[in-house]
Amino acid sequence: MSRVEDSTNAGAVQHHDAADFHPEDSSYLEKRTLRKGSAGWLLLAGLGVSYVISGDYAGWNNGLAEGGFGGLLIAGVLIAGMYLAMVLGMAELSSALPAAGGGYTFARRALGPWGGFATGTAILIEYSIAPAAIATFIGSYVESLNLFGITDGWWVYLAVYAIFIGIHLTGAGEALKAMFVITVIALVGLVVFAISAVGLFDSGNLFDIAPTDAVGASSFLPFGLIGIWAAVPFAIWFFLAIEGVPLAAEEARDPEKNVPRGIIISMVVLLVTAVTVLFLATAAMGAEGLSTSGNPLVEALGDGTAAKVVNYIGLAGLVASFFSIMYAYSRQTFALSRAGYLPKSLSVTNSRKAPTLALVVPGAIGFVLSLTGEGAMLLNMAVFGAAVSYVLMMVSHIVLRKREPDMRRPYRTPGGVVTTSFALVIATAAVIATFLVDPVAALWTFVAFAGFMTYFALYSRHHLVANSPDEEFAVVARAEEELV
């Protein structure tokens, strides 16, 4: 059989790239459409910040226990550079291929159905597990604040999943506006923290961890050079999930312009917040004390009024990330399902154009995972999935630049493949670093990834939807290749 079937035979099954593609009728896609024009660049920038902002309130500080202030600082600079380069690459890809699949759509065009599904799976693992980790942090906050008299976290996990899935089911526009308000509140909390922490700044606290006998150890790098590498997964927490902005492409106004603008602006904001909390919190409390804190910004401020304000607002930061990443996992699930990579029932949308089962099913799985209470391990599992997806997305950018130099790109990455090659190298190191820090979490994530790929190999690659938007991008590419 030819690589692409005769285009006049619209009903025929197509076989190429070791997969089978079946055309669906118009009613199939009508039941699987999202609401167009729900978000402009401001809401998209808010979405990017909200994905990540919980990482400013908790999680990053555990990297001090792995690398000290110097190790986490150097790791943070490298990871910030990686994310900036990656965001610039994704801005180009999202302007050229504006679809709800995000990274999966990019990789599908560049790497074929196998590479596309592998990328989508890694992203889905990240976005499904990250809310479970955040739910455990929310539970700890609620218990520590003695809110509602709750002393058992699982009630909190159930409540946040049920409430926010319900809000998302009302539609993307309503959900993104609610998310934006929560994100602004969380940013106000960081401003309050920064103003209060400036007066507590003591540079000596940055280096109060005693040097070990590791190679290259010093007061700046108490755990030596290896500490830089070990701190990488925690530095990722400053920016984890910002790559989800392109998942809103089908629901954005003028996505070719607004998606790149939104993701770049959100990256700039997050660079500022990361530098602020890393320096001010560590200098206020000390690297050694902060390294084991479950609530670092609050403990860095002590027992004053500002600490209490930040403590309550910190809950908003966790909620913002939980809420927005829930949006991301639903859109990634929706896109993979609509194209047949996952069960097709997961992409059916309700009367408000929200994908019902794509919200509920991963949410139910996340709730079960949150019951383990292993927030740190779940966090590392999410980081592993993210790092794998970064590698594949940067490879996709490089491949498309080389293979399709004339592809329409309303936005072009400054530096081109040099920029994304830098991101690729650091992302590859990050994948290895996750095994160094938590091999159990990395292994469990790899097992889940292998399970998805087995499902694709045995079943879903024979039931892909030829006329889904993501597959149509690939059809255009193949047609152009054959014309050349």
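Start with the largest cavity of this predicted model, which holds about 30 Å³ of space. To find it, select Y51, V52, S54, G55, I134, W237, L240 and I325, the residues that line this cavity. Colour the selection by element: α2 (41-52) and α3 (54-57) are the elements that give two or more residues to this lining. Then colour by class, and the lining divides into six nonpolar residues, two polar and no charged. There is no further cavity to look for at a cut-off of 30 Å³ or more, since the count by this rule comes to one.

Next, the largest pocket. About 390 Å³ of space lies in it. Its lining is made of 19 residues, and S128, I129, I365, L369 and F452 lie nearest the centre, which makes these five a useful selection to centre the view on. Now show the helices around the pocket: α5 (103-145), α13 (356-370), α14 (375-403) and α16 are the elements that give two or more residues to the lining. Among these, α13 gives the most, with five residues. Coloured by class, the pocket lining has 15 nonpolar, four polar and no charged residues.

Stay with α16, which covers residues 439-458 and includes L443. Switch to a surface view and select V440, L443, W444, F446 and V447. These residues make a nonpolar surface patch of about 520 Å². L443 is thus a member of the patch and a residue of helix α16. The same helix also contributes two or more residues to the lining of the largest pocket.

Now return to the cartoon and select the sheet. Strands of a sheet pair through backbone hydrogen bonds, either parallel or antiparallel. Here three strands form an open sheet with mixed pairing, in the order β1-β2-β3. β1 (14-16) and β3 (464-465) stand at the edges with a single partner strand each, so one side of each is left without a neighbour in the sheet.

Take the two pairings in turn. β1 and β2 (residues 19-22) run antiparallel and are joined by three bridges. Select H16 and A19 to see one pair of bridge partners, with A19 in β2. H15 stands opposite D20, also in β2. The hairpin of β1 and β2 has two residues between the strands, and D17 takes a positive phi there, near 55°.

On the β3 side, the pairing with β2 is parallel and spans two bridges. Select H22 and V465 for this part of the sheet: V465, in β3, stands opposite H22.

Last, the salt bridges. Side chains of opposite charge can pair when their charged atoms come close. The count for this model comes to eight salt bridges. Which residue forms a salt bridge with E24? Select K344: the closest N and O atoms of the pair are 3.2 Å apart. The pair links distant parts of the chain, with the two positions 320 residues apart in numbering. K344 is in the loop between α12 (305-338) and α13, while E24 is in the loop between β2 and α1 (26-30).

How values were computed
Residues numbered from 1 in each chain as written. Predicted model: local features only at pLDDT ≥ 70, side-chain atom pairs only at ≥ 80, totals over all residues. Heavy atoms only, no water. 1 Å grid on protein atoms, 1.4 Å probe; cavity = no way out; pocket = protein on both sides within 12 Å on 5 of 7 lines; lining within 4 Å. Points joined across faces, edges and corners; volume = space filled by probe spheres on them. Helix = DSSP H or I, 4+ residues; strand = E, 2+ residues; numbered from the N terminus. Nonpolar A, V, L, I, M, F, W, Y, C, P; charged D, E, K, R; others polar. Patch = residues over 30% accessible without salt bridge, like charges linked within 9 Å, V, L, I, M, F, W, Y side chains within 5 Å. Areas by Shrake-Rupley, 256 points an atom, 1.4 Å probe, with all protein chains shown as cover. Salt bridge = Lys/Arg side-chain N within 4 Å of Asp/Glu carboxyl O. Pairing = 2+ DSSP bridges.
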